[in-house]
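Visitor: I should like to understand the terms applied to this model. Please explain the reasoning behind each one.

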Amino acid sequence: MFKKRTIGTVAGLVAAALVLAGCADSGSSGDDASGDKPYVALVSKGFQHQFWQAVKAGAEQAAEEFDVEITFEGPDTEADVDQQIQMLQTALDKNPAAIGFAALDSQAAGPLLQQAKDSSIPVIAFDSGVDSDIPVTTAATDNLAAAAEAAKHMADAIDHTGKVALVVHDQTSVTGQERRDGFVQYMEENEPDIEIVDIQYGGGDQAKSADLAKAIIAANPDLKGIYGSNEGSAIGVVQAVKELGIDPATLAVVGFDSGKAQMDAIRDGLMIGAITQNPVGIGYETVKAAVEAIDGKDLPKTIDTGFYWYDSTNIDDDEIQAVLYE
């Protein structure tokens, strides 16, 4: 059994776009804009995870379909706020028809978002919402609901009792906050016998997240579960479990996002399961919304791009395979 939230508009595009994901550039920026097509600049949160390559693939699919030109770039790591802000400034300097932005730090981006508004450049927030009323819409996973789903499966795995901890990618982005808060709120409201003993922030870096997980485990030898809030966080936790030689049957690990390492961990029994987003759909819907904003169309406040729970029982199902990214 698994939770599904998805939108029909991207269903037929997932398989084709994932082919593009495999060919996506691993560098930190896209090609410069040129030509007479409307230009949409996309600034993501990074390039270090396969997730962003899948988002890029969806954006490229939409760009081809709607006949617009895009660039897609992101900082070297999801801790490089200053680099992302510089990329946003560079994008604005090119005077695009619209901007897609996935904020690492909503507050830090505020002045440049105001600059975009003053220049009548519509801003589409994607993946991570922006703490501002400037974006005309946000194309993203319902991270509160998705994190609650992760918490539900964690609770089931530890028989609804015991100590758990979180390794979260950051506390400055909306995704970091919501993937933390959705998990915590679910436990507080539904699981009185589960205690959250620690929340640490590893910047989505596998090595740092592994070190944090080791420290949490050392301080709580009776810990029963750890939740990693993105690909890097989750794989860091798995790495800690492996390095410490812990029997995975005694410590439940729940992740978020996909990628080959998490898929392997689930198949190997090191992780009980994870939430996968619809990254291709996020990229596609961001560009589609940008085109509609350029055309002056009204947009909803949010575009829910969906999520799924996957584990060893459904990881090879066609519906799940279509939204997993390696």
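Guide: The following exchange concerns a predicted model and takes up a pocket, a cavity and one glutamate in turn.

Visitor: What makes a space a cavity, and how many are counted here?

Guide: A cavity is a set of points where a 1.4 Å probe fits but cannot get out. By this rule, with a threshold of 30 Å³ or more, one cavity is counted. The largest cavity has a volume of about 80 Å³. Among its 13 lining residues, Trp52, Glu78, Arg179, Asn230 and Asp257 are the closest to its centre. Both α2 (50-66) and α6 contribute at least two residues to this lining.

Visitor: Why is Arg179 counted among the lining residues of the largest cavity?

Guide: A lining residue has an atom within 4 Å of a point of the space. Arg179 is listed in the lining, so it meets that limit.

Visitor: Which elements supply at least two residues each to the lining of the largest pocket?

Guide: They are β6 (137-140), α6 (174-190) and β12 (302-304). This pocket holds about 380 Å³ of space. Its lining comprises 21 residues, with Gly129, Thr138, Glu178, Lys301 and Thr302 nearest the centre. By class, six are nonpolar, nine polar and six charged.

Visitor: How do you know that Glu191 has no salt bridge?

Guide: A salt bridge requires a side-chain nitrogen of Lys or Arg within 4 Å of a carboxyl oxygen. For Glu191, the nearest side chain of opposite charge is Lys152, 8.5 Å away; the criterion is therefore not met.

Visitor: Where is Glu191 placed, and which residues does it touch?

Guide: Glu191 is in the loop between α6 and β8 (194-201). This buried residue touches Ala155, His160 and Tyr186, leaving aside residues up to four places away in sequence.

Definitions and conventions. Residues numbered from 1 in each chain as written. Predicted model: local features only at pLDDT ≥ 70, side-chain atom pairs only at ≥ 80, totals over all residues. Heavy atoms only, no water. 1 Å grid on protein atoms, 1.4 Å probe; cavity = no way out; pocket = protein on both sides within 12 Å on 5 of 7 lines; lining within 4 Å. Points joined across faces, edges and corners; volume = space filled by probe spheres on them. Helix = DSSP H or I, 4+ residues; strand = E, 2+ residues; numbered from the N terminus. Nonpolar A, V, L, I, M, F, W, Y, C, P; charged D, E, K, R; others polar. Buried < 20%, exposed > 50% of the residue type's maximum accessible area, 1.4 Å probe, protein only. Lys, Arg positive; Asp, Glu negative; His and termini not counted. Contact = heavy atoms within 4.5 Å.
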